[in-house]
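The paragraphs below go through a single protein chain, beginning with one local pairing of side chains and widening from there to the whole fold. Please keep the model open while reading, so that each statement can be checked against the atoms.

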Amino acid sequence: DTRTLIEAEIFDDLLEQSEHLLNQSYFLASAIIAGCVLEDCLRKLCDRNSITLPAKATIEPMNIELAKAGIYNKLWQKKITALADLRNKAAHNLGGFTDKDVEDMIRHVRRFMEDYF
(Lines give C-alpha, C1' and ligand atoms only; values in the text may rest on other atoms or scores of the structure.)
Protein backbone atom coordinates (compact mmCIF):
# COMPACT_ATOMS: atom_id res chain seq x y z
CA ASP A 1 0.00 0.00 0.00
CA THR A 2 0.97 3.66 -0.23
CA ARG A 3 1.99 3.92 3.41
CA THR A 4 4.39 0.98 3.08
CA LEU A 5 5.96 2.48 -0.04
CA ILE A 6 6.52 5.79 1.74
CA GLU A 7 8.01 4.05 4.78
CA ALA A 8 10.28 1.97 2.57
CA GLU A 9 11.48 5.12 0.80
CA ILE A 10 12.26 6.79 4.13
CA PHE A 11 14.15 3.70 5.33
CA ASP A 12 16.12 3.66 2.09
CA ASP A 13 17.00 7.35 2.52
CA LEU A 14 18.20 6.68 6.07
CA LEU A 15 20.33 3.75 4.90
CA GLU A 16 21.85 6.02 2.24
CA GLN A 17 22.69 8.52 4.99
CA SER A 18 24.22 5.68 6.97
CA GLU A 19 26.37 4.73 3.96
CA HIS A 20 27.43 8.36 3.50
CA LEU A 21 28.50 8.61 7.14
CA LEU A 22 30.42 5.36 6.81
CA ASN A 23 32.20 6.70 3.72
CA GLN A 24 33.16 9.79 5.74
CA SER A 25 34.65 7.52 8.48
CA TYR A 26 31.82 8.13 10.97
CA PHE A 27 31.17 4.45 11.41
CA LEU A 28 29.67 4.74 14.92
CA ALA A 29 26.96 7.10 13.71
CA SER A 30 26.48 4.96 10.63
CA ALA A 31 25.87 1.83 12.74
CA ILE A 32 23.44 3.67 15.00
CA ILE A 33 21.35 4.90 12.08
CA ALA A 34 21.30 1.48 10.41
CA GLY A 35 20.29 -0.07 13.74
CA CYS A 36 17.46 2.44 14.14
CA VAL A 37 16.18 1.55 10.69
CA LEU A 38 16.22 -2.13 11.63
CA GLU A 39 14.44 -1.47 14.93
CA ASP A 40 11.71 0.61 13.31
CA CYS A 41 11.24 -2.01 10.60
CA LEU A 42 10.83 -4.75 13.21
CA ARG A 43 8.31 -2.63 15.12
CA LYS A 44 6.27 -2.11 11.96
CA LEU A 45 6.42 -5.84 11.15
CA CYS A 46 5.11 -6.59 14.64
CA ASP A 47 2.25 -4.13 14.11
CA ARG A 48 1.38 -5.60 10.71
CA ASN A 49 1.35 -9.11 12.11
CA SER A 50 -0.64 -8.23 15.24
CA ILE A 51 2.25 -9.08 17.56
CA THR A 52 1.65 -7.28 20.83
CA LEU A 53 4.69 -5.92 22.63
CA PRO A 54 5.33 -3.45 25.41
CA ALA A 55 5.49 0.16 24.17
CA LYS A 56 9.26 0.41 24.61
CA ALA A 57 10.23 -3.03 23.33
CA THR A 58 13.80 -3.25 22.08
CA ILE A 59 15.05 -5.15 19.06
CA GLU A 60 15.54 -8.51 20.76
CA PRO A 61 11.99 -9.04 22.11
CA MET A 62 10.58 -8.06 18.71
CA ASN A 63 13.08 -10.34 16.99
CA ILE A 64 12.10 -13.29 19.18
CA GLU A 65 8.38 -12.79 18.64
CA LEU A 66 8.67 -12.29 14.87
CA ALA A 67 10.75 -15.46 14.50
CA LYS A 68 8.37 -17.37 16.78
CA ALA A 69 5.46 -16.23 14.59
CA GLY A 70 7.26 -17.58 11.52
CA ILE A 71 7.70 -14.18 9.86
CA TYR A 72 11.32 -15.12 9.23
CA ASN A 73 13.59 -18.05 10.01
CA LYS A 74 16.15 -18.75 12.75
CA LEU A 75 19.04 -17.67 10.54
CA TRP A 76 17.57 -14.19 10.23
CA GLN A 77 16.80 -14.16 13.94
CA LYS A 78 20.48 -14.80 14.71
CA LYS A 79 21.61 -12.16 12.20
CA ILE A 80 19.29 -9.61 13.75
CA THR A 81 20.62 -10.42 17.23
CA ALA A 82 24.17 -9.79 15.96
CA LEU A 83 23.12 -6.55 14.23
CA ALA A 84 21.43 -5.34 17.42
CA ASP A 85 24.62 -6.09 19.35
CA LEU A 86 26.68 -4.05 16.89
CA ARG A 87 24.21 -1.15 17.13
CA ASN A 88 24.35 -1.22 20.94
CA LYS A 89 28.15 -1.27 20.92
CA ALA A 90 28.15 1.74 18.60
CA ALA A 91 25.58 3.61 20.67
CA HIS A 92 27.66 3.14 23.82
CA ASN A 93 31.04 3.54 22.07
CA LEU A 94 32.18 0.11 23.26
CA GLY A 95 34.19 -0.79 20.16
CA GLY A 96 34.83 -4.36 19.15
CA PHE A 97 33.86 -3.86 15.51
CA THR A 98 35.25 -2.28 12.37
CA ASP A 99 34.00 -0.13 9.54
CA LYS A 100 33.76 -3.34 7.48
CA ASP A 101 31.35 -4.74 10.07
CA VAL A 102 29.21 -1.61 9.70
CA GLU A 103 29.33 -1.95 5.92
CA ASP A 104 28.07 -5.53 6.29
CA MET A 105 25.42 -4.33 8.73
CA ILE A 106 24.02 -1.85 6.23
CA ARG A 107 23.98 -4.53 3.54
CA HIS A 108 22.14 -6.98 5.85
CA VAL A 109 19.60 -4.37 6.97
CA ARG A 110 18.94 -3.43 3.35
CA ARG A 111 18.50 -7.08 2.36
CA PHE A 112 16.20 -7.71 5.32
CA MET A 113 14.11 -4.71 4.29
CA GLU A 114 13.88 -6.00 0.72
CA ASP A 115 12.91 -9.50 1.81
CA TYR A 116 10.48 -8.74 4.63
CA PHE A 117 9.31 -5.16 4.44
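Asp-85 and Lys-89 are four residues apart in helix H4, so about one helical turn separates them. In this predicted model, their side chains meet in a salt bridge, with a distance of 3.3 Å from N to O. Side chains of opposite charge can pair when their charged atoms come close. Neither partner of this pair is buried: Asp-85 is partly exposed, with a relative accessible area of 40%, and Lys-89 is likewise partly exposed, with a relative accessible area of 27%.

The helix that carries this pair, H4, runs over residues 74-91 and has 18 residues. From its first C-alpha to its last it reaches 26 Å, which is close to the 26 Å expected at 1.5 Å a residue. At the N-terminal end of H4, Asn-73 acts as a cap, one of its side-chain oxygens lying 3.1 Å from the backbone nitrogen of Leu-75. Just after the helix, Asn-93 takes a positive phi of about 50°.

Which residues of H4 are buried? They are Trp-76, Gln-77, Ile-80, Leu-83, Ala-84, Leu-86, Arg-87 and Ala-90, and the buried residues of this helix pack against helix H2 (27-48), helix H3 (59-68) and helix H5 (99-116). Gln-77 can serve as an example, since its relative accessible area of 11% falls under the 20% limit and the residue therefore counts as buried. Leaving aside residues up to four places away in sequence, Gln-77 touches Asn-63, Ile-64, Ala-67 and Tyr-72.

Arg-87, another of the buried residues of H4, forms a salt bridge with Glu-39, and the closest N and O atoms of the two are 3.1 Å apart. Because Arg-87 lies in helix H4 and Glu-39 in helix H2, this pair ties together parts that are 48 residues apart in sequence. Both Arg-87 and Glu-39 are buried, whereas Asp-85 and Lys-89 are partly exposed.

Further charged pairs are found elsewhere in the chain. In helix H5, Arg-107 and Asp-104 lie three residues apart, about one turn of the helix, and their side chains meet in a salt bridge of 3.0 Å from N to O. Glu-7, Asp-40, Lys-44 and Arg-48, for their part, are linked in a network of salt bridges. A search of the whole structure finds 13 salt bridges.

Turning to the fold as a whole, the protein chain has five helices and zero strands, and reading along the sequence gives the pattern α-α-α-α-α. Its C-alpha trace spans about 40 × 30 × 25 Å along the principal axes. For 117 residues, a compact globule would have a radius of gyration near 13 Å, and the 14 Å computed for this chain agrees with that expectation. Of the 117 residues, 38% are buried. Among the contacts between residues at least 6 apart in sequence, 60% join residues that are at least 24 apart. The accessible surface of the chain comes to about 6,800 Å², and carbon and sulfur atoms account for 53% of this surface.

Note on methods. Residues are numbered from 1 along each chain as its sequence is written. This is a predicted model: local features need pLDDT of at least 70, side-chain atom pairs count only at pLDDT 80 or more; totals for chains, interfaces and linings use all residues. Side-chain values use heavy atoms; hydrogens and water are left out. Helices (H or I, at least four residues) and strands (E, at least two) are DSSP runs, numbered from the N terminus. The expected span of a helix is 1.5 Å times one less than its number of residues. Buried means under 20% relative accessible area, exposed over 50%, partly exposed in between (1.4 Å probe, protein chains only). Contact means heavy atoms within 4.5 Å. A polar contact is a pair of N or O atoms within 3.5 Å; within protein, one must be able to donate a hydrogen and the other to accept it, and residues adjacent in sequence count only if both atoms are side-chain atoms. A salt bridge is a side-chain nitrogen of Lys or Arg within 4 Å of a carboxyl oxygen of Asp or Glu. The radius of gyration is taken over C-alpha atoms; the globule rule is 2.2 Å times the number of residues to the power 0.38. Accessible areas come from the Shrake-Rupley method with a 1.4 Å probe; for residues, only the protein chains shown count as cover.
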